[in-house]
Amino acid sequence: MSENNVSKGTFSKLLRKEIKLSSSPLSFIFIAFSLMTFIPGYPITIGSFFICLGLFYTFQNGREANDIIYSVLLPIAKKDVVKARYIFVCFIQMISIALMLIFTIIRMTLLKDAEVYVTNPLQNANLFYIAFCLIVFLLFNMIFVQGFYKTGYYFAKPFIAFIVAAMLVVGLAEALHHIPGLEFVSETGFVHKRDQLYVVLTVFMLYILGTVLSCRNSQARFEKIDL
């Protein structure tokens with residue numbers, strides 16, 4: 001069996017360990033915050049923050065259970081431990097984005113003329129909203145996850161930094177559509193569908209690029225840690 005096949009098989013087992021053993025149930029339960037997409041008169045972008053909070057509990061539980069020590073004692077590369085955790089984080093985030101997108105399309109089609117949404121003074125669910133949520137997820141990966149792997153143990157400072165950054169994004173999402181000329185950022189339908197599509201695709205590409213770079217930086221940092 002080739003070295004690449006062994007590596008792939010080992011990584012597959014590591015990923016299953018992340019899902020079945022290392023993850024906190026709250027990481028899955030908090031996916032339900034995607035339903036905040038339907039709440040009128042509420043800053044719905046904050047739902048993405050709560051999903052990241054669910055992921056935070058996986059890191060917390062893993063630290064308390066010495067999951068990092070257990071993982072690096074296995075006959076695997078340290079970088080694969082980091083990669084598996086990043087894949088798990090992205091797995092939860094992409095499930096959440098998929099649900100948010102489904103709920104957003106429902107709001108933009110079947111419910112676009114509903115009075116509670118037409119008169120909603122806060123950010124409405126559209127593709128700009130999805131873009132803001134992706135930015136929050138990217139910040140979690142680049143600030144918190146990467147910050148955690150600086151030590152492999154401490155997470156308070158990177159999580160506080162993430163909270164500040166995430167709240168700034170939520171504030172921006174709620175402020176932009178109040179600026180004259182940018183009212184379309186909170187539209188309820190597909191009037192500016194081309195602009196919405198361009199923005200969400202651009203942000204999604206940035207999410208992928210930023211997460212990959214964050215993962216590589218975390219791997220390099222983690223390799224240097226003497227656990």
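Which residues does F144 touch, not counting residues up to four places away in sequence? Keep that one in mind; the tour gets there after a look at the whole chain.

**Before you click**

What you have open is a predicted model, where local features need pLDDT of at least 70, side-chain atom pairs count only at pLDDT 80 or more, and totals for chains, interfaces and linings use all residues. Residues are numbered from 1 along each chain as its sequence is written, and side-chain values use heavy atoms, with hydrogens and water left out.

**Stop 1: the whole chain**

Switch to cartoon and colour by secondary structure. The protein chain shows nine helices and zero strands, so the pattern along the sequence is just α-α-α-α-α-α-α-α-α. Helices here are DSSP runs of H or I with at least four residues, strands are runs of E with at least two, and numbering starts from the N terminus.

Now for the overall dimensions. Along the principal axes, the C-alpha atoms fill a box of roughly 60 × 40 × 30 Å. The radius of gyration is 19 Å, which agrees with the value near 17 Å for a compact globule of 227 residues. That radius is taken over C-alpha atoms, and the globule rule is 2.2 Å times the number of residues to the power 0.38.

Turn on a surface next. The accessible surface of the protein chain comes to about 11,500 Å², with 69% of it belonging to carbon and sulfur atoms; areas come from the Shrake-Rupley method with a 1.4 Å probe, and for residues only the protein chains shown count as cover. Buried residues make up 46% of the 227, where buried means under 20% relative accessible area, exposed over 50%, and partly exposed in between.

If you like contact maps, 82% of the contacts with a separation of 6 or more join residues 24 or more positions apart. A contact means heavy atoms within 4.5 Å.

**Stop 2: helix α9**

Select residues 193–224. This is α9, whose 32 residues should span 46 Å at 1.5 Å a residue; the end C-alpha atoms are 47 Å apart, which agrees. The expected span is 1.5 Å times one less than the number of residues.

Show side chains for its buried residues, including V200, V203, Y207, G210, C215 and F222. What covers the buried set includes α4 (67–72), α5 (78–108) and α7 (127–148).

While you are on α9, pick A220. At 40% relative accessibility, A220 counts as partly exposed. Draw a distance to K20, 200 residues apart along the chain: the two C-alpha atoms are separated by 26 Å.

**Stop 3: the loop between α4 and α5**

Jump to A77, found in the loop between α4 and α5. A77 is partly exposed, with a relative accessible area of 31%. Its C-alpha atom is 9.0 Å from that of E223, although A77 and E223 are 146 residues apart in sequence.

**Stop 4: helix α8**

Select residues 156–176 for α8, the helix that holds A161. Its 21 residues should span 30 Å at 1.5 Å a residue, and the end C-alpha atoms are 30 Å apart, which agrees.

Among the buried residues of α8 are P158, F159, F162, V169 and E174. Their cover includes α3 (46–64) and α7. A161, in contrast, is partly exposed at 36% relative accessibility. From A161 to Y57, 104 residues apart along the chain, the C-alpha separation is 16 Å.

**Stop 5: F144**

Finally, centre on F144 in helix α7. F144 is buried, with a relative accessible area of 0%.

Back to the opening question: with residues up to four places away left out, F144 touches F56, F59, L139, F155, P158, F159 and F162. Show those as sticks. P158, F159 and F162 are also among the buried residues of α8. For a last distance, try S34: F144 and S34 are 110 residues apart in sequence and 21 Å apart in space, C-alpha to C-alpha.

How values were computed. Buried means under 20% relative accessible area, exposed over 50%, partly exposed in between (1.4 Å probe, protein chains only).
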